[in-house]
Amino acid sequence: MTVREGVAVSPQVRDHLGPSLEQVLASLWPGDCQTCNQPMPGRRPALSIDEISDFAMATLHHDNCRPSDWNTDRPIPIGTAAMVTNHTWCALVPVVTGDDGQEQIKPYVLINPTLELIYLTRSPLGQWRVEPHFALEGTGFAPPPFTSTTPAAGATATLQATELTISLAGGALGPFAVTLSDRARELVEADRGATVVITHAIDPHELTDPVQLGPVLRGDRTVMAYVRIDRAGLQ
Ligand SMILES: [Zn+2]
């Protein structure tokens with residue numbers, strides 16, 4: 001579950017985010033504290049924001065490690081890749097292909113890259129929105145509409161036994177590993193790649209119903225790309 005229940009939010013953070021607070025809280029999960037890197041569960045989480053101009057980073061901390069605040073003075077601590085938690089899952093999704101309306105099952109690798117951290121941008125009208133594309137510039141990931149005809153320029157996949165590893169150019173995020181079922185592995189091998197979905201709208205480990213994927217695949221806090229298997233990685 002996201003942190004909507006029981007998270008500490010200071011009046012200052014509440015005022016700055018306004019109606020965007022709900023989307024921010026619906027995009028964060030209590031993984032590890034971004035101050036001490038210890039697990040969040042069992043202790044109260046607190047939401048803090050570091051802002052630079054029209055850009056901000058929202059993070060979760062133990063309430064007594066970093067009480068909820070809106071920081072505009074201290075530098076944003078970029079480079080916390082080792083502290084964040086990612087969750088991955090390979091979903092088998094029926095997709096209509098071609099003009100004949102036939103459905104085919106395709107492998108979709110779902111990645112929430114940072115359960116406890118999201119980036120925000122401020123719209124010209126002053127509203128803060130979750131920005132899923134930050135740190136993915138140059139990788140070929142983009143919001144839908146999605147086409148599988150052009151493999152992502154800045155991403156590669158390696159398949160070893162049942163583990164598929166997705167690596168992104170730049171190294172700001174990942175690599176991400178996902179364990180495939182036998183059926184998923186067959187499909188990934190047949191397609192020599194997979195659709196990779198980077199999202200802050202769901203925790204892939206909490207997926208229980210294909211209906212939950214609808215908003216994600218329509219682009220809710222999500223970017224996607226088709227990633228080819230690096231042939232050297234095929235076994
Ligand atoms: Zn802590």
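**Exercise 1. Work out how strand β2 is joined to strand β6, and find the partner of F55.**

Solution. Start with the two ranges: β2 covers residues 55-62 and β6 covers residues 117-122. Next, look at the direction: the two strands run antiparallel, with 5 bridges joining them. Now pick out F55, and you'll find T121 of β6 standing opposite. Bear in mind as you go that this is a predicted model.

**Exercise 2. Put that pair into its sheet, and name the edge strands.**

Solution. Follow the pairings outwards and you get 5 strands in the order β3-β1-β2-β6-β7. The sheet is open, and its pairing is mixed. Its edge strands are β3 (70-71) and β7 (128-130), each of which pairs on one side only.

**Exercise 3. Trace the pairings of β5, using L110 as a marker.**

Solution. Take β4 to begin with. Strand β4 (residues 87-96) pairs with β5 (residues 103-112) in the antiparallel sense, over 10 bridges. These two strands make a hairpin with 6 residues between them. In the turn sits G98, whose phi is positive, at about 75 degrees.

Then turn to β11 (residues 193-199): β5 runs parallel to β11, and 4 bridges join them.

Now for the marker. L110 in β5 stands opposite W89, and L110 also stands opposite V197 in β11.

**Exercise 4. Is P215 buried, exposed or partly exposed, and what does P215 touch?**

Solution. First locate the residue: P215 lies in helix α4, which spans residues 213-217. Then count neighbours: 14 other C-beta atoms lie within 10 Å. Buried needs 20 or more and exposed needs 12 or fewer, so with 14 P215 comes out as partly exposed.

For contacts, leave out residues up to four places away in sequence; P215 then touches A201 and D220. As a distance check, try A190: A190 and P215 are 25 residues apart in sequence and 27 Å apart in space, C-alpha to C-alpha.

**Exercise 5. Check the overall radius of gyration against the globule rule, then describe the whole protein.**

Solution. For 235 residues, a compact globule would have a radius of gyration near 18 Å. The protein has 18 Å, so the two agree. Along the principal axes, the C-alpha atoms fill a box of roughly 55 × 35 × 30 Å.

Next, tally the secondary structure: 4 helices and 12 strands. Buried residues come to 36% of the 235. Finally, take the contacts with a separation of 6 or more: 65% of them are between residues 24 or more positions apart.

Methods
Residues numbered from 1 in each chain as written. Predicted model: local features only at pLDDT ≥ 70, side-chain atom pairs only at ≥ 80, totals over all residues. Contact = placed C-beta atoms within 7 Å. Pairing = 2+ DSSP bridges. Rg over C-alpha atoms; globule rule 2.2 N^0.38 Å.
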